[in-house]
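Here is a short briefing on a protein chain and an RNA strand. Look through the sequence and the 3D view before reading on.

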Amino acid sequence: MDADNVRMYVCGPTVYDRAHLGNARPVVVFDVLYRLLRHVYGEGQVTYVRNFTDVDDKINARARALQEGGDGRSLNEIIRALTDGTIDWYHADMDALGALRPDVEPRATEFIVQMVAMIEGLVAKGHAYAAEGHVLFDVRSYPDYGKLSGRSVDDMIAGARVEVAPYKRDPMDFVLWKPSSDEEPGWDSPWGRGRPGWHIECSAMAHELLGPAFDIHGGGIDLQFPHHENEIAQSCCAHPDAGFANFWLHNEMVQVEGKKMSKSLGNFFTVRDLLDQGWPGEVIRFVMLSTHYRKPMDWTEEKAREAQKQLGAFWSLVGHSEQKGEIDNAVVEALSDDLNTHKAIARLHHLYTVGDAAALSATLRFLGLVGEDQAVWIDADKAARELLSDYSEALSKARAEAMLNKDFGLVDQMKRMLLNAGAEVRIGKDVVEVLPTVEFDPSKLEALK
RNA sequence: GGCGAGUUGGCGGAGUGGUUACGCAGCGGAUUGCAAAUCCGUGUACAGGAGUUCGAUUCUCCUACUCGCCUCCA
(Lines give C-alpha, C1' and ligand atoms only; values in the text may rest on other atoms or scores of the structure.)
Protein backbone atom coordinates (compact mmCIF):
# COMPACT_ATOMS: atom_id res chain seq x y z
CA MET A 1 0.00 0.00 0.00
CA ASP A 2 2.84 2.34 0.87
CA ALA A 3 6.39 1.38 -0.06
CA ASP A 4 7.67 3.62 2.71
CA ASN A 5 5.60 1.90 5.33
CA VAL A 6 4.94 -1.76 4.74
CA ARG A 7 2.75 -3.08 7.52
CA MET A 8 2.38 -6.63 8.74
CA TYR A 9 0.43 -8.08 11.64
CA VAL A 10 0.92 -11.62 12.87
CA CYS A 11 -1.09 -13.33 15.57
CA GLY A 12 1.25 -14.09 18.43
CA PRO A 13 0.95 -16.53 21.29
CA THR A 14 -1.34 -16.73 24.24
CA VAL A 15 1.26 -16.60 26.95
CA TYR A 16 0.32 -19.32 29.37
CA ASP A 17 3.20 -21.76 28.82
CA ARG A 18 6.44 -22.48 27.01
CA ALA A 19 6.17 -22.22 23.23
CA HIS A 20 5.83 -25.62 21.59
CA LEU A 21 7.22 -26.51 18.21
CA GLY A 22 3.99 -25.56 16.50
CA ASN A 23 4.15 -22.08 17.94
CA ALA A 24 7.54 -21.68 16.35
CA ARG A 25 6.47 -22.24 12.77
CA PRO A 26 4.63 -18.95 12.16
CA VAL A 27 7.41 -17.16 14.00
CA VAL A 28 10.03 -18.54 11.63
CA VAL A 29 7.87 -18.28 8.50
CA PHE A 30 6.88 -14.68 9.09
CA ASP A 31 10.37 -13.82 10.22
CA VAL A 32 11.56 -14.82 6.76
CA LEU A 33 8.86 -12.66 5.23
CA TYR A 34 9.86 -9.78 7.49
CA ARG A 35 13.50 -10.16 6.47
CA LEU A 36 12.51 -10.28 2.82
CA LEU A 37 10.37 -7.15 3.10
CA ARG A 38 13.16 -5.32 4.89
CA HIS A 39 15.57 -6.38 2.19
CA VAL A 40 13.27 -5.21 -0.60
CA TYR A 41 11.80 -2.05 0.94
CA GLY A 42 14.48 -1.08 3.44
CA GLU A 43 14.86 -1.87 7.10
CA GLY A 44 13.14 1.27 8.30
CA GLN A 45 10.22 0.91 5.91
CA VAL A 46 8.62 -2.15 7.43
CA THR A 47 6.49 -2.32 10.55
CA TYR A 48 5.95 -5.76 11.96
CA VAL A 49 3.48 -6.16 14.81
CA ARG A 50 3.03 -9.40 16.70
CA ASN A 51 0.86 -9.45 19.76
CA PHE A 52 0.94 -11.23 23.07
CA THR A 53 -2.45 -12.37 24.23
CA ASP A 54 -2.16 -12.09 27.98
CA VAL A 55 -5.82 -12.25 28.88
CA ASP A 56 -7.19 -15.75 28.58
CA ASP A 57 -8.97 -18.33 30.66
CA LYS A 58 -6.01 -20.72 30.66
CA ILE A 59 -3.88 -17.97 32.17
CA ASN A 60 -6.61 -17.23 34.68
CA ALA A 61 -6.78 -20.87 35.66
CA ARG A 62 -3.03 -21.01 36.26
CA ALA A 63 -3.10 -17.84 38.30
CA ARG A 64 -5.97 -19.13 40.41
CA ALA A 65 -4.15 -22.38 41.01
CA LEU A 66 -1.11 -20.46 42.23
CA GLN A 67 -3.31 -18.36 44.47
CA GLU A 68 -4.94 -21.39 45.96
CA GLY A 69 -1.49 -22.84 46.43
CA GLY A 70 -0.67 -20.02 48.81
CA ASP A 71 0.50 -17.18 46.60
CA GLY A 72 -0.53 -14.07 48.52
CA ARG A 73 -0.46 -11.63 45.63
CA SER A 74 -3.57 -10.31 43.92
CA LEU A 75 -4.85 -12.16 40.90
CA ASN A 76 -3.85 -9.36 38.57
CA GLU A 77 -0.35 -9.29 40.01
CA ILE A 78 0.03 -13.03 39.63
CA ILE A 79 -1.21 -12.86 36.06
CA ARG A 80 1.17 -10.10 35.20
CA ALA A 81 4.12 -11.95 36.71
CA LEU A 82 3.06 -15.19 35.04
CA THR A 83 2.75 -13.62 31.61
CA ASP A 84 5.92 -11.58 32.06
CA GLY A 85 7.81 -14.78 32.73
CA THR A 86 6.24 -16.59 29.82
CA ILE A 87 7.06 -13.71 27.50
CA ASP A 88 10.69 -13.85 28.61
CA TRP A 89 10.74 -17.57 27.79
CA TYR A 90 9.15 -16.91 24.45
CA HIS A 91 11.70 -14.27 23.56
CA ALA A 92 14.62 -16.47 24.58
CA ASP A 93 13.32 -19.43 22.61
CA MET A 94 12.42 -17.50 19.46
CA ASP A 95 15.70 -15.60 19.57
CA ALA A 96 17.43 -18.97 19.54
CA LEU A 97 15.61 -19.77 16.32
CA GLY A 98 17.13 -16.72 14.71
CA ALA A 99 13.86 -14.83 14.59
CA LEU A 100 14.14 -11.05 14.69
CA ARG A 101 11.95 -9.35 17.24
CA PRO A 102 9.00 -7.58 15.67
CA ASP A 103 8.96 -3.81 15.76
CA VAL A 104 6.05 -3.80 18.17
CA GLU A 105 4.88 -6.55 20.52
CA PRO A 106 1.71 -5.24 22.10
CA ARG A 107 0.05 -6.93 25.05
CA ALA A 108 -3.67 -7.29 24.95
CA THR A 109 -4.13 -6.06 28.50
CA GLU A 110 -2.62 -2.72 27.51
CA PHE A 111 -5.24 -2.13 24.84
CA ILE A 112 -8.44 -2.75 26.76
CA VAL A 113 -9.50 0.87 26.25
CA GLN A 114 -9.22 0.51 22.47
CA MET A 115 -11.14 -2.77 22.57
CA VAL A 116 -13.96 -1.26 24.55
CA ALA A 117 -14.09 1.67 22.14
CA MET A 118 -14.26 -0.66 19.16
CA ILE A 119 -16.99 -2.73 20.76
CA GLU A 120 -18.98 0.42 21.54
CA GLY A 121 -18.66 1.40 17.91
CA LEU A 122 -19.92 -1.99 16.77
CA VAL A 123 -22.89 -1.77 19.11
CA ALA A 124 -23.66 1.76 17.87
CA LYS A 125 -23.58 0.58 14.26
CA GLY A 126 -25.89 -2.31 14.99
CA HIS A 127 -23.32 -5.07 14.48
CA ALA A 128 -23.20 -6.07 18.12
CA TYR A 129 -25.63 -6.31 21.02
CA ALA A 130 -25.43 -6.62 24.77
CA ALA A 131 -27.12 -9.54 26.47
CA GLU A 132 -26.80 -10.76 30.04
CA GLY A 133 -23.56 -8.93 30.67
CA HIS A 134 -22.07 -10.17 27.40
CA VAL A 135 -21.61 -8.27 24.22
CA LEU A 136 -22.00 -10.39 21.11
CA PHE A 137 -21.16 -9.85 17.49
CA ASP A 138 -24.14 -10.33 15.21
CA VAL A 139 -22.79 -12.46 12.35
CA ARG A 140 -25.97 -12.01 10.32
CA SER A 141 -25.21 -8.30 10.16
CA TYR A 142 -22.08 -8.93 8.12
CA PRO A 143 -22.93 -10.60 4.81
CA ASP A 144 -19.31 -11.54 4.04
CA TYR A 145 -18.95 -13.55 7.22
CA GLY A 146 -17.18 -16.81 6.30
CA LYS A 147 -15.63 -15.53 3.10
CA LEU A 148 -12.02 -15.95 4.19
CA SER A 149 -12.41 -19.56 5.20
CA GLY A 150 -14.95 -20.48 2.54
CA ARG A 151 -17.82 -21.23 4.86
CA SER A 152 -21.32 -20.02 5.19
CA VAL A 153 -23.13 -19.42 8.42
CA ASP A 154 -25.83 -21.85 7.35
CA ASP A 155 -23.33 -24.62 6.56
CA MET A 156 -21.68 -24.23 9.90
CA ILE A 157 -24.91 -24.36 11.77
CA ALA A 158 -25.76 -27.47 9.80
CA GLY A 159 -22.55 -28.91 11.20
CA ALA A 160 -24.30 -28.68 14.54
CA ARG A 161 -21.20 -28.42 16.65
CA VAL A 162 -21.92 -24.95 17.86
CA GLU A 163 -22.55 -24.26 21.46
CA VAL A 164 -25.85 -22.46 21.64
CA ALA A 165 -26.00 -19.99 24.45
CA PRO A 166 -29.54 -18.80 25.19
CA TYR A 167 -28.61 -15.15 24.96
CA LYS A 168 -27.30 -15.48 21.40
CA ARG A 169 -29.47 -14.26 18.55
CA ASP A 170 -27.70 -16.64 16.20
CA PRO A 171 -25.69 -19.71 17.25
CA MET A 172 -22.67 -18.39 15.36
CA ASP A 173 -22.61 -15.06 17.16
CA PHE A 174 -19.39 -14.73 19.09
CA VAL A 175 -18.40 -12.95 22.25
CA LEU A 176 -16.77 -9.52 22.17
CA TRP A 177 -17.01 -8.93 25.91
CA LYS A 178 -17.90 -11.18 28.78
CA PRO A 179 -18.57 -10.55 32.45
CA SER A 180 -15.95 -11.41 35.06
CA SER A 181 -16.58 -12.84 38.47
CA ASP A 182 -14.61 -11.54 41.43
CA GLU A 183 -12.15 -14.41 40.96
CA GLU A 184 -11.47 -13.38 37.39
CA PRO A 185 -9.50 -10.45 36.04
CA GLY A 186 -11.73 -7.67 34.82
CA TRP A 187 -11.97 -4.13 33.64
CA ASP A 188 -14.78 -1.62 33.95
CA SER A 189 -16.84 -1.15 30.84
CA PRO A 190 -20.24 0.20 29.80
CA TRP A 191 -21.51 -3.37 30.26
CA GLY A 192 -20.12 -3.84 33.72
CA ARG A 193 -16.87 -5.34 34.97
CA GLY A 194 -15.64 -7.87 32.45
CA ARG A 195 -12.95 -8.93 30.03
CA PRO A 196 -12.61 -9.08 26.27
CA GLY A 197 -13.51 -12.09 24.16
CA TRP A 198 -10.79 -13.85 22.29
CA HIS A 199 -10.82 -12.12 18.89
CA ILE A 200 -11.25 -8.45 19.60
CA GLU A 201 -7.72 -7.84 20.84
CA CYS A 202 -6.15 -8.38 17.43
CA SER A 203 -8.63 -6.11 15.71
CA ALA A 204 -8.10 -3.36 18.26
CA MET A 205 -4.32 -3.61 18.35
CA ALA A 206 -3.92 -3.86 14.60
CA HIS A 207 -6.07 -0.78 14.20
CA GLU A 208 -4.24 1.16 16.88
CA LEU A 209 -0.74 0.28 15.66
CA LEU A 210 -1.13 -0.14 11.91
CA GLY A 211 -4.24 1.84 11.07
CA PRO A 212 -7.58 0.72 9.65
CA ALA A 213 -5.93 -0.86 6.62
CA PHE A 214 -2.56 -2.53 6.24
CA ASP A 215 -0.74 -4.94 3.95
CA ILE A 216 -0.35 -8.37 5.44
CA HIS A 217 -2.00 -10.36 8.17
CA GLY A 218 -0.50 -13.71 9.09
CA GLY A 219 -0.98 -16.63 11.43
CA GLY A 220 -1.51 -20.36 11.61
CA ILE A 221 -4.10 -21.97 9.37
CA ASP A 222 -5.98 -23.10 12.47
CA LEU A 223 -6.65 -19.44 13.16
CA GLN A 224 -8.30 -18.90 9.81
CA PHE A 225 -11.55 -19.94 11.37
CA PRO A 226 -12.85 -18.66 13.61
CA HIS A 227 -10.22 -16.20 14.80
CA HIS A 228 -9.39 -14.41 11.57
CA GLU A 229 -12.90 -14.63 10.26
CA ASN A 230 -14.05 -12.88 13.39
CA GLU A 231 -11.28 -10.31 13.21
CA ILE A 232 -12.38 -9.44 9.70
CA ALA A 233 -16.00 -9.18 10.73
CA GLN A 234 -15.17 -6.90 13.66
CA SER A 235 -12.70 -4.70 11.85
CA CYS A 236 -14.61 -4.37 8.62
CA CYS A 237 -17.82 -3.52 10.42
CA ALA A 238 -16.07 -1.04 12.70
CA HIS A 239 -14.31 0.62 9.75
CA PRO A 240 -16.47 -0.22 6.76
CA ASP A 241 -14.47 1.52 4.05
CA ALA A 242 -10.95 0.74 5.19
CA GLY A 243 -10.48 -2.80 3.93
CA PHE A 244 -8.52 -4.11 6.94
CA ALA A 245 -5.81 -6.54 5.78
CA ASN A 246 -4.90 -6.70 2.11
CA PHE A 247 -3.34 -10.16 2.13
CA TRP A 248 -3.84 -13.10 4.42
CA LEU A 249 -1.08 -15.65 4.86
CA HIS A 250 -1.56 -18.85 6.79
CA ASN A 251 1.07 -21.39 7.64
CA GLU A 252 0.12 -25.06 7.80
CA MET A 253 0.49 -27.12 10.93
CA VAL A 254 3.46 -28.95 12.35
CA GLN A 255 3.44 -32.71 12.68
CA VAL A 256 5.85 -34.95 14.53
CA GLU A 257 7.01 -38.17 12.89
CA GLY A 258 3.97 -38.01 10.62
CA LYS A 259 1.41 -37.47 13.35
CA LYS A 260 -0.34 -34.53 14.82
CA MET A 261 1.52 -33.17 17.79
CA SER A 262 -0.61 -33.65 20.84
CA LYS A 263 -0.15 -34.17 24.52
CA SER A 264 -2.14 -37.38 24.43
CA LEU A 265 0.08 -38.97 21.79
CA GLY A 266 3.13 -38.16 23.86
CA ASN A 267 4.84 -36.46 20.95
CA PHE A 268 4.35 -33.01 22.33
CA PHE A 269 7.43 -30.94 22.99
CA THR A 270 8.54 -27.38 23.29
CA VAL A 271 11.21 -25.48 21.45
CA ARG A 272 13.14 -25.39 24.71
CA ASP A 273 13.04 -29.20 24.87
CA LEU A 274 14.73 -29.41 21.49
CA LEU A 275 17.31 -26.79 22.38
CA ASP A 276 18.05 -28.62 25.61
CA GLN A 277 18.51 -31.83 23.66
CA GLY A 278 21.32 -30.08 21.87
CA TRP A 279 19.69 -29.15 18.57
CA PRO A 280 21.02 -25.75 17.57
CA GLY A 281 18.28 -23.21 16.92
CA GLU A 282 19.51 -22.81 13.37
CA VAL A 283 18.97 -26.51 12.75
CA ILE A 284 15.38 -26.25 13.94
CA ARG A 285 14.96 -23.22 11.71
CA PHE A 286 16.53 -25.03 8.78
CA VAL A 287 14.12 -27.94 9.16
CA MET A 288 11.22 -25.48 9.28
CA LEU A 289 12.36 -23.74 6.12
CA SER A 290 12.86 -26.96 4.21
CA THR A 291 9.10 -27.30 3.87
CA HIS A 292 6.94 -24.71 2.15
CA TYR A 293 4.90 -22.79 4.71
CA ARG A 294 1.56 -23.79 3.18
CA LYS A 295 2.25 -27.49 3.57
CA PRO A 296 2.19 -29.50 6.75
CA MET A 297 5.68 -29.74 8.15
CA ASP A 298 6.77 -33.02 9.61
CA TRP A 299 9.40 -32.81 12.34
CA THR A 300 11.53 -35.95 12.42
CA GLU A 301 14.85 -36.71 14.05
CA GLU A 302 16.18 -37.83 10.72
CA LYS A 303 15.43 -34.47 9.14
CA ALA A 304 17.06 -32.69 12.03
CA ARG A 305 20.19 -34.82 11.65
CA GLU A 306 20.29 -34.17 7.93
CA ALA A 307 19.78 -30.46 8.48
CA GLN A 308 22.57 -30.40 11.00
CA LYS A 309 24.88 -32.11 8.56
CA GLN A 310 24.07 -29.69 5.77
CA LEU A 311 24.29 -26.60 7.95
CA GLY A 312 27.55 -27.88 9.38
CA ALA A 313 28.94 -28.16 5.86
CA PHE A 314 27.78 -24.63 5.02
CA TRP A 315 29.22 -23.26 8.21
CA SER A 316 32.56 -24.90 7.74
CA LEU A 317 32.86 -23.30 4.32
CA VAL A 318 31.93 -19.80 5.48
CA GLY A 319 33.22 -20.01 9.03
CA HIS A 320 36.86 -19.87 8.17
CA SER A 321 36.61 -17.06 5.66
CA GLU A 322 36.03 -13.42 6.49
CA GLN A 323 35.03 -12.33 3.02
CA LYS A 324 32.14 -9.92 2.67
CA GLY A 325 29.62 -10.95 0.08
CA GLU A 326 26.27 -9.99 -1.34
CA ILE A 327 22.97 -11.66 -0.60
CA ASP A 328 22.32 -14.06 -3.43
CA ASN A 329 19.68 -12.75 -5.78
CA ALA A 330 18.31 -16.15 -6.73
CA VAL A 331 17.48 -16.71 -3.07
CA VAL A 332 15.67 -13.38 -2.89
CA GLU A 333 13.75 -14.35 -6.02
CA ALA A 334 12.81 -17.72 -4.57
CA LEU A 335 11.50 -16.08 -1.42
CA SER A 336 9.66 -13.48 -3.47
CA ASP A 337 7.74 -16.33 -5.05
CA ASP A 338 5.37 -16.99 -2.16
CA LEU A 339 8.23 -17.69 0.24
CA ASN A 340 9.69 -20.66 -1.57
CA THR A 341 12.15 -21.39 1.21
CA HIS A 342 12.97 -24.85 -0.02
CA LYS A 343 14.04 -23.49 -3.37
CA ALA A 344 16.15 -20.96 -1.50
CA ILE A 345 17.85 -23.81 0.34
CA ALA A 346 18.49 -25.62 -2.92
CA ARG A 347 20.25 -22.47 -4.02
CA LEU A 348 22.36 -22.52 -0.86
CA HIS A 349 23.52 -25.97 -1.89
CA HIS A 350 24.53 -24.53 -5.21
CA LEU A 351 26.52 -21.72 -3.59
CA TYR A 352 28.17 -24.30 -1.39
CA THR A 353 29.00 -26.60 -4.29
CA VAL A 354 30.64 -23.85 -6.30
CA GLY A 355 32.47 -22.71 -3.15
CA ASP A 356 31.16 -19.15 -3.09
CA ALA A 357 31.83 -18.62 0.61
CA ALA A 358 31.19 -14.89 0.55
CA ALA A 359 27.73 -15.11 -1.01
CA LEU A 360 26.85 -18.14 1.07
CA SER A 361 27.83 -16.32 4.23
CA ALA A 362 25.80 -13.21 3.43
CA THR A 363 22.82 -15.29 2.36
CA LEU A 364 22.88 -17.51 5.41
CA ARG A 365 22.94 -14.40 7.53
CA PHE A 366 20.03 -12.97 5.57
CA LEU A 367 18.03 -16.14 6.16
CA GLY A 368 18.85 -16.17 9.85
CA LEU A 369 20.79 -19.38 9.54
CA VAL A 370 23.89 -18.15 11.29
CA GLY A 371 23.83 -17.02 14.84
CA GLU A 372 25.47 -17.67 18.14
CA ASP A 373 25.43 -21.38 17.52
CA GLN A 374 27.52 -20.91 14.44
CA ALA A 375 30.15 -19.02 16.42
CA VAL A 376 30.12 -21.74 19.06
CA TRP A 377 30.32 -24.37 16.38
CA ILE A 378 33.24 -22.63 14.66
CA ASP A 379 35.13 -22.46 17.94
CA ALA A 380 34.46 -26.10 18.66
CA ASP A 381 35.45 -26.95 15.12
CA LYS A 382 38.73 -25.09 15.45
CA ALA A 383 39.51 -26.75 18.76
CA ALA A 384 38.67 -30.14 17.31
CA ARG A 385 40.89 -29.54 14.30
CA GLU A 386 43.75 -28.66 16.61
CA LEU A 387 43.19 -31.72 18.72
CA LEU A 388 43.00 -33.92 15.66
CA SER A 389 46.14 -32.56 14.07
CA ASP A 390 48.20 -34.58 16.56
CA TYR A 391 46.31 -37.70 15.60
CA SER A 392 46.75 -36.81 12.00
CA GLU A 393 50.50 -36.64 12.44
CA ALA A 394 50.66 -39.93 14.27
CA LEU A 395 48.49 -41.57 11.66
CA SER A 396 50.64 -40.16 8.92
CA LYS A 397 53.77 -41.59 10.52
CA ALA A 398 52.21 -44.98 11.11
CA ARG A 399 50.97 -45.11 7.59
CA ALA A 400 54.36 -44.23 6.11
CA GLU A 401 55.81 -47.13 8.05
CA ALA A 402 53.04 -49.44 6.98
CA MET A 403 53.60 -48.56 3.37
CA LEU A 404 57.09 -49.96 3.75
CA ASN A 405 56.44 -53.09 5.78
CA LYS A 406 52.92 -53.76 4.45
CA ASP A 407 51.52 -54.20 7.93
CA PHE A 408 48.47 -52.01 8.09
CA GLY A 409 47.13 -53.33 11.40
CA LEU A 410 47.96 -50.27 13.46
CA VAL A 411 46.83 -47.87 10.75
CA ASP A 412 43.47 -49.58 10.47
CA GLN A 413 43.04 -49.58 14.21
CA MET A 414 43.73 -45.86 14.45
CA LYS A 415 41.42 -45.19 11.57
CA ARG A 416 38.61 -47.14 13.19
CA MET A 417 38.98 -45.23 16.41
CA LEU A 418 38.96 -41.88 14.66
CA LEU A 419 35.95 -42.75 12.54
CA ASN A 420 34.19 -44.04 15.60
CA ALA A 421 34.75 -40.69 17.31
CA GLY A 422 33.08 -38.96 14.40
CA ALA A 423 36.21 -37.76 12.67
CA GLU A 424 36.72 -37.82 8.95
CA VAL A 425 39.92 -39.50 7.83
CA ARG A 426 41.32 -38.53 4.48
CA ILE A 427 44.32 -40.44 3.28
CA GLY A 428 45.54 -39.15 -0.01
CA LYS A 429 48.62 -40.04 -2.01
CA ASP A 430 50.96 -38.14 0.25
CA VAL A 431 48.69 -36.19 2.60
CA VAL A 432 46.89 -37.47 5.66
CA GLU A 433 44.13 -35.28 7.04
CA VAL A 434 41.86 -35.86 10.01
CA LEU A 435 38.92 -33.47 10.31
CA PRO A 436 35.95 -33.27 12.65
CA THR A 437 32.39 -33.82 11.40
CA VAL A 438 29.25 -32.58 13.14
CA GLU A 439 29.20 -35.86 15.03
CA PHE A 440 32.73 -35.54 16.36
CA ASP A 441 32.99 -36.50 20.03
CA PRO A 442 36.48 -36.05 21.52
CA SER A 443 35.60 -38.20 24.51
CA LYS A 444 35.52 -41.22 22.21
CA LEU A 445 39.16 -40.78 21.35
CA GLU A 446 41.55 -43.02 23.23
CA ALA A 447 45.07 -41.85 23.69
CA LEU A 448 47.39 -43.05 20.99
CA LYS A 449 50.26 -45.14 22.13
C1' G B 1 -22.44 -34.16 8.89
C1' G B 2 -20.01 -29.39 6.80
C1' C B 3 -15.40 -27.03 4.83
C1' G B 4 -10.49 -27.27 3.08
C1' A B 5 -5.47 -29.16 1.88
C1' G B 6 -2.69 -32.95 0.02
C1' U B 7 -1.20 -37.76 -2.73
C1' U B 8 5.82 -36.63 -7.07
C1' G B 9 11.69 -41.59 -7.92
C1' G B 10 14.36 -45.71 -1.81
C1' C B 11 13.50 -41.24 1.60
C1' G B 12 12.85 -35.83 2.07
C1' G B 13 11.00 -32.17 -1.16
C1' A B 14 10.47 -28.22 -5.41
C1' G B 15 8.40 -27.42 -10.10
C1' U B 16 6.38 -27.43 -15.04
C1' G B 17 1.12 -28.13 -20.65
C1' G B 18 6.11 -30.78 -24.38
C1' U B 19 13.04 -30.07 -22.58
C1' U B 20 11.30 -34.01 -16.10
C1' A B 21 15.06 -29.38 -9.74
C1' C B 22 17.72 -29.96 -5.31
C1' G B 23 19.40 -32.79 -0.88
C1' C B 24 20.22 -37.60 1.40
C1' A B 25 20.75 -42.68 0.34
C1' G B 26 22.02 -46.27 -3.83
C1' C B 27 24.74 -47.90 -8.10
C1' G B 28 29.15 -47.57 -11.73
C1' G B 29 33.97 -45.34 -12.48
C1' A B 30 38.46 -42.40 -11.07
C1' U B 31 41.32 -42.38 -6.63
C1' U B 32 43.08 -45.62 -2.32
C1' G B 33 47.22 -50.76 0.76
C1' C B 34 41.82 -51.06 2.07
C1' A B 35 38.55 -47.32 3.23
C1' A B 36 36.72 -42.49 4.06
C1' A B 37 36.44 -37.94 1.64
C1' U B 38 36.49 -35.86 -3.16
C1' C B 39 35.55 -35.77 -8.42
C1' C B 40 32.91 -37.81 -12.79
C1' G B 41 28.74 -40.53 -14.34
C1' U B 42 23.94 -42.76 -13.21
C1' G B 43 18.06 -43.55 -11.97
C1' U B 44 12.35 -41.25 -17.49
C1' A B 45 8.84 -40.51 -10.24
C1' C B 46 4.54 -37.84 -10.68
C1' A B 47 -2.39 -42.19 -6.38
C1' G B 48 -6.28 -44.57 -9.91
C1' G B 49 -9.95 -43.65 -13.83
C1' A B 50 -12.28 -40.52 -17.51
C1' G B 51 -12.06 -35.96 -20.27
C1' U B 52 -9.84 -31.32 -22.73
C1' U B 53 -5.35 -31.12 -25.96
C1' C B 54 -1.14 -32.45 -31.40
C1' G B 55 0.74 -33.60 -26.42
C1' A B 56 -0.87 -33.77 -19.14
C1' U B 57 2.69 -35.27 -13.81
C1' U B 58 1.06 -30.12 -14.76
C1' C B 59 -5.97 -28.09 -16.73
C1' U B 60 -11.32 -30.29 -15.73
C1' C B 61 -14.38 -34.09 -13.52
C1' C B 62 -14.93 -38.61 -10.73
C1' U B 63 -12.90 -42.36 -7.30
C1' A B 64 -9.58 -43.98 -3.46
C1' C B 65 -6.50 -42.79 0.44
C1' U B 66 -4.04 -39.35 3.97
C1' C B 67 -4.30 -35.04 6.84
C1' G B 68 -6.33 -30.65 8.90
C1' C B 69 -10.30 -27.36 10.50
C1' C B 70 -15.44 -26.93 12.20
C1' U B 71 -14.34 -26.85 20.26
C1' C B 72 -8.89 -24.14 23.28
C1' C B 73 -4.99 -24.33 19.70
C1' A B 74 0.31 -21.61 15.73
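The points below cover the chain as a whole, the RNA surface and one loop residue.

This is a predicted model. Chain A has 449 residues, and 49% of them are buried. RNA strand B has 46 residues around it.

**Chain A overall**
- Chain A contains 15 helices and 13 strands.
- The C-alpha trace of chain A spans about 95 × 55 × 40 Å along its principal axes.
- The accessible surface of chain A is about 21,400 Å², and carbon and sulfur atoms hold 49% of that area.
- Take the contacts in chain A with a separation of 6 or more: 74% of them link residues 24 or more positions apart.

**The surface near RNA strand B**
- Lys58, Trp198, Leu223, Gln310 and Lys415 come nearest to RNA strand B.
- The residues near the strand comprise 17 charged, 18 polar and 11 nonpolar.
- Of the RNA strand B atoms within 4 Å of the protein, 59% are sugar or phosphate atoms, and the rest belong to bases.

**Polar contacts with RNA strand B**
- A side-chain N or O atom of Lys58 is 2.3 Å from a sugar or linking oxygen of the strand.
- Gln255 places a polar side-chain atom 3.3 Å from a sugar or linking oxygen of the strand.
- Val254 uses a polar backbone atom, which is 2.8 Å from a base nitrogen.

**Thr291**
- Thr291 sits in the loop between α9 (281-289) and β11 (297-299).
- Is Thr291 buried or exposed? Thr291 counts as buried because its relative accessibility is 14%, and the cut-off for buried is under 20%.
- Beyond its neighbours within four places in sequence, Thr291 contacts Arg25, Pro296, Met297, Lys303 and Thr341.

Terms used: Residues numbered from 1 in each chain as written. Chains lettered and ligands numbered in written order. Predicted model: local features only at pLDDT ≥ 70, side-chain atom pairs only at ≥ 80, totals over all residues. Heavy atoms only, no water. Near = heavy atom within 4 Å. Polar contact = N/O pair within 3.5 Å; in protein donor to acceptor, adjacent residues only side chain to side chain. Nonpolar A, V, L, I, M, F, W, Y, C, P; charged D, E, K, R; others polar. Helix = DSSP H or I, 4+ residues; strand = E, 2+ residues; numbered from the N terminus. Buried < 20%, exposed > 50% of the residue type's maximum accessible area, 1.4 Å probe, protein only. Contact = heavy atoms within 4.5 Å. Areas by Shrake-Rupley, 256 points an atom, 1.4 Å probe, with all protein chains shown as cover.
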